[in-house]
Protein chains: 2
Amino acid sequence: MSAPTLIHAPSDFRAACEAVRRSGARLGLVPTMGALHDGHLALVRHARACGAGKVALTIFVNPLQFAPHEDFDRYPRTLEADLARCRDEGVDLVFAPGRDAMYPPGFQSRVEVTGVTSRFEGAHRPGHFAGVTTVVAKLFGLAGPCVAAFGRKDYQQWKTIERMALDLDLPADVRGMDIVREAGGLAMSSRNRYLAPEERQRALGIAEGLRRAHAAFASGERDPERLAAAALAEIGPRVSSVDYVAVADADTLEPIARVEERAVVLVAARIGKTRLIDNTVLGEDAPPKR
Amino acid sequence: MSAPTLIHAPSDFRAACEAVRRSGARLGLVPTMGALHDGHLALVRHARACGAGKVALTIFVNPLQFAPHEDFDRYPRTLEADLARCRDEGVDLVFAPGRDAMYPPGFQSRVEVTGVTSRFEGAHRPGHFAGVTTVVAKLFGLAGPCVAAFGRKDYQQWKTIERMALDLDLPADVRGMDIVREAGGLAMSSRNRYLAPEERQRALGIAEGLRRAHAAFASGERDPERLAAAALAEIGPRVSSVDYVAVADADTLEPIARVEERAVVLVAARIGKTRLIDNTVLGEDAPPKR
């Protein structure tokens with residue numbers, strides 16, 4: 001595979017995306033914060049499966065979506081390794097802008113989605129989703145019409161971006177991709193590299209909790225609180241602390257009185273200093289493999 | 001002139017704009033709330049002068065930018081007359097969506113600009129600019145790459161939209177057009193039709209105040225408060241009430257200690273029940289003609 005074209009300037013990225021479309025190819029967009037793992041590369045393939053003839057992957061650790069106490073400074077930055085993985089995967093464009101290129105002096109705009117962001121990650125990370133939607137709106141603005149692939153591991157983020165694109169008539173076709181899991185069921189995440197071996201073992205309890213919820217659902221349980229309690233019984237003892245284990249409407253993320261066709265189980269928990277999130281859709285996804 | 005193509009559905013508008021670009025023409029966009037007057041038609045010509053080969057004019061009385069006590073319900077709606085004026089002006093596309101097409105059930109996104117919106121209209125009309133930037137972001141999202149013409153009568157709105165497009169990398173080239181004035185100097189506005197003849201006469205005091213500020217500036221006055229006081233001395237006695245008469249930085253709309261090269265004089269005042277705004281840039285614009 002030839003090396004992807006590495007672009008730093010937003011105006012160059014806009015022009016390169018326009019050139020892709022002019023060539024007749026559909027543009028695929030894979031926004032990331034770098035520290036690429038197999039889940040990200042699966043997004044590249046997912047964009048192609050959704051019709052993209054050429055794929056642009058963006059790498060930007062977006063300061064706007066981190067709170068002051070969060071891990072912005074220690075978030076892994078591995079550009080050389082990322083570029084090598086992009087080359088091996090046949091990514092066409094890599095856009096890796098600097099902070100000042102994305103947020104020059106005087107920057108003062110925000111894109112916000114309410115509703116779907118009000119609970120879970122939105123409640124535990126105030127300002128997080130406004131940072132996400134603002135930077136993704138910018139990436140959509142630069143890329144222009146495209147098919148944009150997001151991982152369902154960040155389920156609420158995916159639903160939020162889907163909502164934003166719909167509400168603001170952004171010309172991006174937002175596609176969620178099934179969670180890619182490591183052996184044992186741990187959802188792939190750039191933050192997994194923070195885990196010590198013993199912590200990684202404990203982290204498997206999260207997937208085990210999701211399996212328990214699936215098992216309870218398969219046995220006919222339809223009460224969201226009991227389904228969440230089944231997951232929590234497995235997760236709670238294995239992790240350091242739990243931010244939430246909850247069952248919600250799979251589209252709006254609102255509370256539900258009873259699971260009808262489908263519902264999402266959402267988990268956020270800490271193992272040592274590392275905060276992990278995971279989820280599964282009852283009535284739709286298969287339980288995480290062991 | 002042939003009648004413009006009238007479009008109601010957002011998806012049809014997107015496709016029509018795309019077809020304009022595919023034909024090789026640059027697209028001009030003129031967002032309005034209808035009740036078209038000569039100022040709006042000048043925007044159509046301005047878009048053409050800025051390179052637009054075809055012009056789309058949008059008509060949408062945007063509920064999001066009106067506060068509950070404001071004039072949303074009585075805002076003039078004159079679609080038939082508007083279409084006739086568009087035909088006479090050679091407008092190519094008219095996009096007149098319904099409220100539910102722009103804000104379907106479940107709509108929950110906002111675009112906000114801080115800073116430039118914090119004073120003046122932003123302070124007097126809470127939520128107004130978030131409504132404006134949200135609907136304009138949607139129109140930009142539907143229209144795609146274009147040259148978008150806005151009237152400088154709504155000076156802060158123009159600067160806010162310019163900021164939004166820059167910050168969010170929206171593919172619209174935002175162009176402000178000089179204020180079009182009626183005989184006597186009254187800035188054209190759809191709200192002028194609310195004015196009784198006696199009120200219209202009193203409204204001329206606003207332009208007279210702007211002339212006074214220009215005269216003081218020409219005489220060497222550089223103190224923003226004294227320049228604003230010169231305008232207010234003329235405006236105050238003629239109108240029913242004044243929301244603000246102020247001199248500010250012409251780009252950021254921040255307060256300034258002294259006028260160097262240029263500065264904007266901003267006025268908002270009520271005449272009876274009608275609220276009017278006007279402005280002029282000292283050091284750049286000519287004083288309003290009598």
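The following exercises, each with a worked solution, deal with a predicted model of chains A and B.

Local features are given only at pLDDT of at least 70 and side-chain atom pairs only at pLDDT 80 or more, while totals for chains, interfaces and linings use all residues. Residues are numbered from 1 along each chain as its sequence is written, and chains are lettered from A in the order in which they are written.

**Exercise 1. The contact between the chains**

Task: state how many residues each chain gives to the contact, and describe the side of chain B that touches chain A.

Solution. Begin with the counts: 23 residues come from chain A and 23 residues from chain B. Two residues are in contact if their C-beta atoms, placed from the backbone, lie within 7 Å. Next, assign the chain B side to elements. Helices (H or I, at least four residues) and strands (E, at least two) are DSSP runs, numbered from the N terminus. Strand 5 (109-113), helix 6 (128-143) and helix 7 (155-167) of chain B each give at least two residues. The largest share, five residues, belongs to strand 5 of chain B.

Then sort by class. Ala, Val, Leu, Ile, Met, Phe, Trp, Tyr, Cys and Pro count as nonpolar, Asp, Glu, Lys and Arg as charged, and the others, Gly among them, as polar. On this side of chain B there are 11 nonpolar, six polar and six charged residues.

Last, look at the strands. Strand 5 of chain A pairs with strand 5 of chain B in the antiparallel sense, over five bridges; two strands pair if DSSP finds at least two bridges between them. In this pairing Val111(A) is opposite Val111(B).

**Exercise 2. The six-stranded sheet of chain B**

Task: give the strand order of this sheet, find its edges, and say which helices lie across its strands.

Solution. The sheet is open, with parallel pairing and the order 1-4-3-2-6-7. Strand 1 (5-7) and strand 7 (172-177) of chain B are the edge strands, each pairing on one side only. Neighbouring strands are turned by 25 degrees against each other on average, direction ignored. Axes are lines fitted to C-alpha atoms, for helices over the stretch in contact, and angles run from 0 to 180 degrees between N-to-C directions.

Now follow two of the pairings. Strand 1 and strand 4 (93-95) of chain B share three bridges, with Ile7(B) partnered by Phe95(B). Strand 2 and strand 3 of chain B share six bridges and run parallel; here Val30(B) is partnered by Leu57(B).

Then place the helices. Helix 3 (79-89) of chain B lies across strands 1, 3 and 4, at about 170 degrees to strand 3 of chain B. Helix 6 of chain B lies across strands 2, 3, 6 and 7, at about 155 degrees to strand 2 of chain B.

**Exercise 3. Strand 3 of chain B**

Task: decide whether the two faces of strand 3 of chain B are covered or open.

Solution. A residue is buried if 20 or more other C-beta atoms lie within 10 Å of its own, exposed if 12 or fewer, and partly exposed in between. By this rule six of the six residues of strand 3 of chain B are buried. Side chains alternate between the two faces of the sheet in a regular strand. One side carries Lys54(B), Ala56(B) and Thr58(B), the other Val55(B), Leu57(B) and Ile59(B), and both faces are covered.

**Exercise 4. Domain 2 of chain A**

Task: locate domain 2 of chain A, describe its contact with domain 1 of chain A, and describe the sheet of strands 8, 9 and 10.

Solution. Domain bounds come from an automatic or database domain assignment, which gives domain 1 (5-177) and domain 2 (191-282). Their centres, taken over C-alpha atoms, are 26 Å apart. The contact takes 12 residues from domain 1 and 13 residues from domain 2 of chain A.

The sheet of chain A is open and antiparallel, with order 8-9-10. Its edges are strand 8 and strand 10 (274-282). Seven bridges join strand 8 to strand 9 of chain A, and Val247(A) stands opposite Val265(A). Helix 9 (224-235) of chain A lies across strands 8, 9 and 10.

**Exercise 5. Ala257(A)**

Task: is Ala257(A) buried or exposed?

Solution. Ala257(A) sits in the loop between strand 8 (241-248) and strand 9 (263-271) of chain A. Ala257(A) is exposed because 9 C-beta neighbours lie inside 10 Å.
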